[in-house]
Amino acid sequence: MNKKSKFRNLLSSQEFIVFIILILLYVGFSVLNPQFARYKTLVTMFDYACFYMLMAFGVGLTLITGGVDLSIGTGLVAYAAIGGTVIRSFEMPVIVGMLVTLLVAVIFGFINGVLVGAMNLPPFLATLCTSMIARGVGSLATNNYATPWPMASQPGGWFHNIFKIQTEAGTLIPIGFIWVIVLMIVMRYVLNSTRFGRYVISIGSNKEATMLSGVNVKYYHVMVYVVCGLFVGAAALAYAAATPTIQPGQGAGMEMDAIGGAIVGGGISFRRIRNNSWDFYWNLCHPGAESWFAVYWSECELATDYYRPCTAGRCID
Amino acid sequence: MGEVILEMKQIDKSFPGVHALDHVDFNVRRGEVHALMGENGAGKSTLMKVLTGIYKKDSGSIIYEGKETEFHNAKEAQDAGVIIVHQELNMVGDLTVAQNIFLGREPRKGLGIDDKKMIKDSRELFDHLKIEIDPMEKMSDLTVGKQQMCEIAKAISHDAKVIIFDEPSAALTEKEIEDLFIIIRDLKKRQLGIVYISHRMDEIKQITDRVTVMRDGTYIGTLMTKESTKDEIINMMVGRIIYEDPKQQSACPPDAPIVLKVENLNAGKMVKNVSFELRKGEILGFSGLMGAGRTETARALFGADPKQSGTIYINGEKVDIKSPQDAVKYGIGYLSEDRKRYGVVVGRSVAENTTMACLDNYLKGFLINKRAEKNVSDEYIKRLATKTPNSEELVMNLSGGNQQKVVIAKWLARDCDILIFDEPTRGIDVGAKNEIYKLMNQLVSEGKSIIMISSEMTEILRMSDRIVVMCEGEIKGEIDISEATSENIMDKATRNIS
């Protein structure tokens, strides 16, 4: 393939078009509402993009196997709420809360994995049930109270620095996206160059043939959901850092933003995911970005009014 | 034979980089069965696709019922009475037989569908063809053979004048093929023109009146079936002579060590008390009708399906095979009859498929050593003479024979000593078939042992050293190749079917 046709392919690729639309949207919103173009809005968007993209990474894996995980939305909120409760009510150090969050997320992922991978339940149904259970568990664990994680200024607030740091001059730098990019590169290698990735794609492409090749399909299928859970756990931490309080029982619908992002934002049909995973994780750059626009599309008016106090509040903190 | 109903003259068609059809002539008369033969890729399907308007021809003319015609799509051809019965059946499993036959043109009654009329019409159609199928039955409950009959009935209900059968017998048992032939002879009597595409020489001799042979997109010639010999036709097809003589004597010494011993294997309803032995360097043929439980035996042995009881010994040692992983660990490889579903991951590359069963050998820490992977797959491409541009090519772009070679490479790369070939040459053309046979012979001479399940009698007689005949889930007998004839095998295979 010569250079010119490669360039033309790039221009006409869905990914590129989505990217252009993204820029146009940003410019459009900025013109419509000058508030939108402010740096603070950008920081908030990065906050949101961070956990949406982490969710998209996880659920993307399940999509590759031909399944889905619908429990990531309510799950994310429940895991963050449980972690928050551990810190607030049991007065544990933040690190313990974080580990508990990840652990609960992995346990839920494991349950999903067993239901789908080992018991062969339809992923849509199985994870829908888990999604409801996660919502209930989150509410139970917190006694249905809104649970705040420590503020940036409070003891234990250091965990905010994982996703966002403040310079001495007071400027917030959303470094969460660096982790996202690092993870993107890592996951790209995982999918293309490791045994795990190879088998995940094979399972999605032809589960029977993979099984008959002597691959422990059940194990890898379960692991996909466990890893998905781990990503959602990480997303829950990012969520906890981005939101002032965790409202248990929330989160329904967030999974659709992540899934929608993984598919539409990546410009990938299911078939292409399975057949051409090479650039899957590069494509996942978009969904997060896409997702914030999805959020802002509906909440554009609110965005400046509602989110500003939060961000502003944290700035003062 | 009546007058010419359909004539294709000087049909030419190119795809980017391929001259698929080079000025091909072909015609069909009323009341004849005209065989269209050639290896895979010879252009038979392309020719038929040009005829039915799926592809647009570059030049040439099609004269149908005396008028120059060009169909723009399959529907137009269908409406004019030119119908293809595809190799892959296009039936909706969850609908009834009648619903399938009238799919897309259901008789109406008010706002709804006139079910009664549909069922009545289907019944008349079946009576007319002397087929016994209940139109109320669900399509997925029928055997493949019966489904094919439905497809034919559907074609006829379209008021067909020319019917094209694209490898109709590929999935049928010998008995079902007989039934199919009765119907074809009946259609012939009604002055329909029939095109019959098949790789099976004995069928061509049985049913067809004329044979047209194509090779590499060109027209080679047309013969009267009665006046031609099998070798003559094969010669035209491949441009070289291939022998299909049965094996006279076992190539495996009688004192060769037993590598696999199965005792009283029971699994599901289709495997009852199956016991057999496999020797080193032997090809053990599993013969029987479709549904005799051969594939089920293989799958149970391989751990793909659960078994109720039975002991398996490998090299004299008792082993416990619970899953394909265990089987692979003990050096058993299974080549499924349905390659695309169970054999290869078609959406992935040749290299990835080659290392599928032995990826652990190509790991460098966490990462896959892609260079080593490419080397090993290139090695097998060379050794098995797999036709692929390179090891990066997706398996879906390879022909059936080459896909089969990829599966063989997968098991050889895993260093399996016992290979189960389930219908090794299904859907593979004559030339590639011979290559697969050669490979199998080469493998056993290298000390591998092969279990070969096959529904083709010629294949069984040509390849096996010993033949096990199954019927209704039980082993009905064992015959040494020196005593085997198609008669005594069929006798055992059908013994308790009345």
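**Exercise 1.** Which residue in β23(B) is the bridge partner of B:Gly285? Place the two strands concerned in their sheet, and describe the helix that lies across them.

*Solution.* The model is a predicted one, and the work begins with the strand pair itself. Strand β15 (residues 283-287) of chain B runs parallel to strand β23 (residues 466-471) of chain B, and 4 bridges join them. Within this pairing, B:Gly285 has B:Ile467 as its bridge partner in β23(B).

The next step is to widen the view to the whole sheet, an open one of 6 strands in chain B with the order β18-β21-β22-β15-β23-β24 and with mixed pairing. Because β18 (332-335) and β24 (474-480) of chain B stand at the edges with a single partner strand each, one side of each is left without a neighbour in the sheet. From one strand to the next, the twist averages 20°.

The last step adds the helix: α17 (residues 486-493) of chain B lies across β15, β23 and β24 of chain B, and its course makes an angle of about 30° with β23(B).

**Exercise 2.** In what order do the strands of the open sheet of 4 strands in chain B follow one another, and which strands of that sheet does helix α9 of chain B touch?

*Solution.* The order is β14-β13-β16-β17 in chain B, and the pairing is antiparallel. Here β14 (271-279) and β17 (317-319) of chain B are the edge strands, each with a single partner strand, so one side of each has no neighbour in the sheet. Direction ignored, neighbouring strands of this sheet are turned by 20° against each other on average.

Turning to one pair, strand β13 (residues 258-267) and strand β16 (residues 309-314) of chain B run antiparallel and are joined by 5 bridges; B:Asn266 stands opposite B:Ser309 in β16(B). Helix α9 (residues 294-302) of chain B packs on the sheet, where it touches β13, β14 and β16 of chain B, and its direction makes about 110° with that of β13(B).

**Exercise 3.** Which residues lie nearest the centre of the second largest cavity, and which domains of chain B each supply at least three residues of its lining?

*Solution.* A search of the whole structure finds 8 cavities of 30 Å³ or more, and the second largest cavity has a volume of about 110 Å³. Of the 16 residues that line the second largest cavity, B:Glu174, B:Gly288, B:Leu289, B:Ser455 and B:Glu456 lie nearest its centre. By class, the lining divides into 8 nonpolar, 5 polar and 3 charged residues.

As for the elements, α6 (174-189), α16 (457-463) and α17 of chain B each supply at least two residues of this lining. At the level of domains, at least three lining residues come from each of domain 1 (4-238) and domain 2 (258-493) of chain B.

Conventions:
Residues numbered from 1 in each chain as written. Chains lettered and ligands numbered in written order. Predicted model: local features only at pLDDT ≥ 70, side-chain atom pairs only at ≥ 80, totals over all residues. Heavy atoms only, no water. Pairing = 2+ DSSP bridges. Axes fitted to C-alpha atoms, helices over the stretch in contact; angles between N-to-C directions. Contact = heavy atoms within 4.5 Å. 1 Å grid on protein atoms, 1.4 Å probe; cavity = no way out; pocket = protein on both sides within 12 Å on 5 of 7 lines; lining within 4 Å. Points joined across faces, edges and corners; volume = space filled by probe spheres on them. Nonpolar A, V, L, I, M, F, W, Y, C, P; charged D, E, K, R; others polar. Domains from an automatic or database assignment.
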